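Trainee: Could you take one strand and go through it closely with me? Then I'd like to see how other parts look when read the same way.

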Amino acid sequence: MTPGPAPRAPHGLGTGNDQTRRHNLSAVLTTLHHDGDHTRAHLTRRLGLNRSTISALVGELVDLGLAYETAATAHAGVGRPSPHVHPDPSVGVIAVNPDTDAVTIGLVGLGGTVHRRMRVETATVPTVAETVALVERVIADWTATAIATTPVRIVGVGVAVPGLVRTESGVVTMAPHLGWRDAPVAAPLGAALGLPVAVTNDAHAGAIAESLYGAARGVRDLVYLNGSSGGIGGGVLVGGLPLRGARGFGAELGHTRAPGATIVCHCGRTGCLETEVSLDRLLAVLGRTSIDLDELDAALTGHATDPSVRHEVERQLDVLSSVLSDYVSVFEPERIVLGGFLGSLIAGGADTLLDRVRAGAFAPLADDLTITRAQLRSRLLLVGAAELAFAPLLADPAGVAKSGPTLQVPSTNSDPGPANSDSAVWASDTSPSSAR
Ligand SMILES: [Zn+2]
């Protein structure tokens with residue numbers, strides 16, 4: 001899928017033919033999903049359609065269970081108050097993010113609402129089969145646990161993988177930290193859940209999520225870096241479109257090289273960014289082996305006076321600034337967004353890093369640059385993976401809602417924050433066959 005502005009309905013087109021109606025229905029649902037609730041009047045202006053067309057399209061989305069309306073609020077403007085139209089968060093997708101030490105599973109509703117999040121720590125790096133079994137078990141647990149009265153109708157699954165992904169076939173070509181090579185992921189997960197599955201690179205998912213819902217809303221030239229236990233991934237938007245490369249493997253920014261570095265990377269080259277700026281090296285000075293990234297800020301703050309921790313954070317910021325200043329020459333981004341553990345490196349403020357990047361950059365190119373932390377935090381990759389899974393529904397709301405396979409999962413009552421999301425540990429001797 002491609003991030004960017006919501007599809008706009010052509011001006012002046014009515015509901016005369018089915019193709020136009022489907023296009024317009026897609027434009028309305030996509031606008032609601034990405035930008036939240038609108039009044040009918042605002043939708044009319046935004047999409048360039050007339051009032052009766054919007055009224056019919058909204059009515060159809062409500063009938064399909066994809067949107068709902070609330071009463072108009074009084075206003076001082078001209079004309080009648082207009083009802084509010086909302087994306088219905090009780091339609092959702094399952095989002096999955098396998099990493100070296102855990103698999104995180106989310107239930108994400110229309111509008112980007114994360115209903116549930118479960119991070120399951122694994123004793124060993126999860127295989128594809130273990131990931132599939134674990135997702136199956138978590139969803140079975142969720143389905144059996146009626147937490148709230150409103151179930152979520154699941155229309156698909158999105159998976160964000162730290163590696164090179166052939167999105168069209170759902171095959172992971174290479175995920176070095178997971179040890180997955182030429183591994184079909186969409187097929188076995190789809191067979192287990194009976195739902196369509198889409199797979200993407202984790203950093204591409206993060207860039208999409210931040211550009212739609214987070215720190216890069218409206219930014220058309222973006223460099224996004226995601227740091228996880230699996231390394232550093234990159235996502236780049238150029239003029240609002242993702243930089244894909246010839247086979248979709250582009251923007252592997254973790255494997256651009258840092259000056260003076262001497263460590264051999266798993267990719268076989270020496271001095272890659274992700275060998276120098278790494279979560280493992282932060283954890284080593286913190287005396288930890290694993291961490292939920294939501295806890296990393298607190299861990300770094302708690303050790304703020306520890307000289308070895310301060311030295312390591314400063315060293316990583318120095319390396320990062322040097323590499324980022326080169327990205328400024330290549331991409332001339334409007335904004336650089338840092339996610340995952342890289343966000344924790346600038347938790348105290350991004351100004352110091354920006355100053356260093358400007359000092360190292362070809363001067364005029366960084367004049368208007370901003371650097372900021374990703375906003376979606378632990379929800380980032382779930383929302384990004386979910387976006388891929390929502391794509392068929394957004395493209396053809398009526399077709400998918402009427403005929404697509406669905407699964408009912410109870411939601412929690414509200415968007416879980418880091419404090420009340422779930423976590424669990426999957427014992428290494430739990431075989432996939434006994435996981436349910
Ligand atoms: Zn490398």
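Mentor: Here is a close look at one strand and its partners, followed by a few other spots.

First, some housekeeping: this is a predicted model, where local features need pLDDT of at least 70 and side-chain atom pairs count only at pLDDT 80 or more, while totals for chains, interfaces and linings use all residues. Residues are numbered from 1 along each chain as its sequence is written, and side-chain values use heavy atoms, with hydrogens and water left out.

The protein has 14 helices and 18 strands; these are DSSP runs numbered from the N terminus, helices being H or I of at least four residues and strands E of at least two. Of its 436 residues, 54% are buried, with buried meaning under 20% relative accessible area, exposed over 50% and partly exposed in between (1.4 Å probe, protein chains only).

Now to your strand, and my pick is β5, residues 102–109. Eight of its eight residues are buried, so β5 is largely enclosed by the rest of the structure. In a regular strand the side chains alternate between the two faces of the sheet. Here A102, T104, G106 and V108 point one way, while V103, I105, L107 and G109 point the other way, and all are buried.

β5 has a partner in β4 (residues 91–98), with seven bridges in the antiparallel sense; strands count as paired if DSSP finds at least two bridges between them. In that pairing P98 stands opposite V103 of β5. β4 and β5 make a hairpin, with three residues between them.

β5 also runs antiparallel to β6 (residues 113–122), and eight bridges join these two. Here G106 sits opposite R117 of β6. This is a hairpin too, again with three residues between the strands, and G111 in the turn has a positive phi of about 90 degrees.

For another bit of sheet, look at the open three-stranded one ordered β8-β9-β10, with antiparallel pairing. Its edge strands, β8 (164–166) and β10 (180–184), each pair on one side only. β8 and β9 (residues 171–175) share three bridges, and V165 has V172 in β9 as its bridge partner.

On the helical side, try α2 (residues 40–47) and α3 (residues 51–63), which pack at about 115 degrees with axes 9 Å apart. The axes are lines fitted to C-alpha atoms over the stretch in contact, and angles run from 0 to 180 degrees between N-to-C directions. That makes α2 roughly perpendicular to α3, a label for angles of 65 to 115 degrees. From α2, residues R40, L43, T44 and L47 meet R51, I54, S55 and V58 of α3, where contact means heavy atoms within 4.5 Å.

Finally, a loop residue: D221 lies between α6 (202–213) and β12 (222–228). With 26% relative accessibility, D221 counts as partly exposed. Its C-alpha is 5.2 Å from that of L237, although the two are 16 residues apart along the chain. Setting aside neighbours within four places in sequence, the contacts of D221 include L237, V238, G239 and E332. Across the protein, residues 24 or more positions apart account for 67% of the contacts with a separation of 6 or more.

How values were computed. Angles under 35 degrees count as roughly parallel, over 145 as roughly antiparallel, 65 to 115 as roughly perpendicular and the rest as oblique.
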